[in-house]
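Me: I am new to this structure and would like to know what its labels mean. Could you take me through them?

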Amino acid sequence: MTTTNKVVTITLNPALDLTGSLETLNKGSVSLVNQGSLHAAGKGVNVAKVLSDLGAEVTVTGFLGSDNQELFCQLFAEMGAQDKFVRVAGSTRINVKLVEQSGDVSDINFPGVEVDAEAIAAFEQTLNELMAEHDYFVFAGSLPRGITPEQCAAWIAHLQQNGKRVLFDSSRDALTKGLDSKPWLIKPNDEELSQFVGRHLTTQAQCLEAASHFLTRALPTSWFRWAPRVCCG
């Protein structure tokens with residue numbers, strides 16, 4: 001039996017976030033970090049944490065490097081989340097975020113682990129098993145090497161065709177292809193809308209126009225949530 005407070009979050013390309021605070025980033029030279037932290041992250045992992053804090057019963061899955069999984073395992077245990085991640089050879093990527101005193105933030109995102117056919121088969125089996133007791137699935141984040149946008153879209157379509165509600169949050173080709181599978185809910189921000197229409201959006205009117213164009217790719221009955229950041233103030 002399924003329940004509405006049971007959610008599966010899918011993070012295909014998780015990351016360890018290394019965040020450093022500094023006065024000024026000296027490009028091409030040495031920069032001194034005043035304070036730093038390293039924690040398990042990735043869009044889907046972050047969503048799982050919020051849902052867990054709100055009282056949901058969360059299951060987490062995706063692909064996780066076996067060489068540096070400790071911080072993820074610790075976080076999942078603290079959250080009380082059911083860990084269904086498929087372990088793959090190698091290390092989960094580390095993304096670097098440098099926060100300057102001025103408020104400027106520089107993100108340096110590394111490629112994810114390499115996912116092979118065996119890991120893909122294990123993930124698909126896990127997905128099918130989780131469908132038996134879950135109605136809501138959240139796909140969030142970018143794709144690792146070895147996973148194509150078409151493959152991600154096929155997983156979304158498979159869940160939708162089996163009566164599941166898929167909440168989808170991604171970018172670039174993964175977002176474009178994923179829309180063809182008609183997810184139940186989509187959440188682009190202004191940067192992702194800019195990528196979708198192929199031009200930089202700087203005003204609220206431009207963002208709204210792009211959002212309307214974006215909606216033509218989604219089901220008429222789909223929920224659409226747009227998270228404006230810079231261009232709408």
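What follows is a friendly exchange about the terms used for this predicted model.

Me: How were the values obtained?
Reply: This is a predicted model, where local features need pLDDT of at least 70 and side-chain atom pairs count only at pLDDT 80 or more, while totals for chains, interfaces and linings use all residues. Residues are numbered from 1 along each chain as its sequence is written, and side-chain values use heavy atoms, with hydrogens and water left out.

Me: Why is Y136 called buried?
Reply: Buried means under 20% relative accessible area, exposed means over 50%, and partly exposed lies in between (1.4 Å probe, protein chains only). Y136 has a relative accessible area of 19%, so Y136 is buried.

Me: And why does W184 count as partly exposed?
Reply: W184 has 22% relative accessibility, which lies between the two cut-offs, so W184 is partly exposed.

Me: What makes Y136 and W184 an edge-to-face pair?
Reply: Rings of Phe, Tyr and Trp (its six-membered ring) pair if their centres lie within 6.5 Å; planes under 30 degrees apart are stacked, over 60 edge-to-face, and the rest tilted. Here the centres are 5.9 Å apart and the planes stand at 70 degrees, so the pair is edge-to-face. The two residues are 48 apart in the chain: Y136 belongs to strand β9 (residues 136-140), and W184 to the loop between α5 (172-179) and β11 (185-186). Helices (H or I, at least four residues) and strands (E, at least two) are DSSP runs, numbered from the N terminus.

Me: How many aromatic pairs are there?
Reply: The structure holds five. F63, F123 and W155 form one aromatic cluster.

Me: How do you know that the buried residues of α2 line one face?
Reply: In α2 (residues 70-79), F72, L75, F76 and M79 are buried. Seen down the axis, they fall within an arc of 100 degrees, taken from the directions from the helix axis to the C-beta atoms, so they line one face of the helix. On the other side, E70, A77 and E78 are exposed.

Me: How many disulfides are there?
Reply: A disulfide is a pair of cysteine sulfur atoms within 2.5 Å, and by this rule the count is zero.

Me: Why is C152 called buried, and C73 partly exposed?
Reply: C152 has 2% relative accessibility, so C152 is buried. C73 has a relative accessible area of 31%, so C73 is partly exposed.
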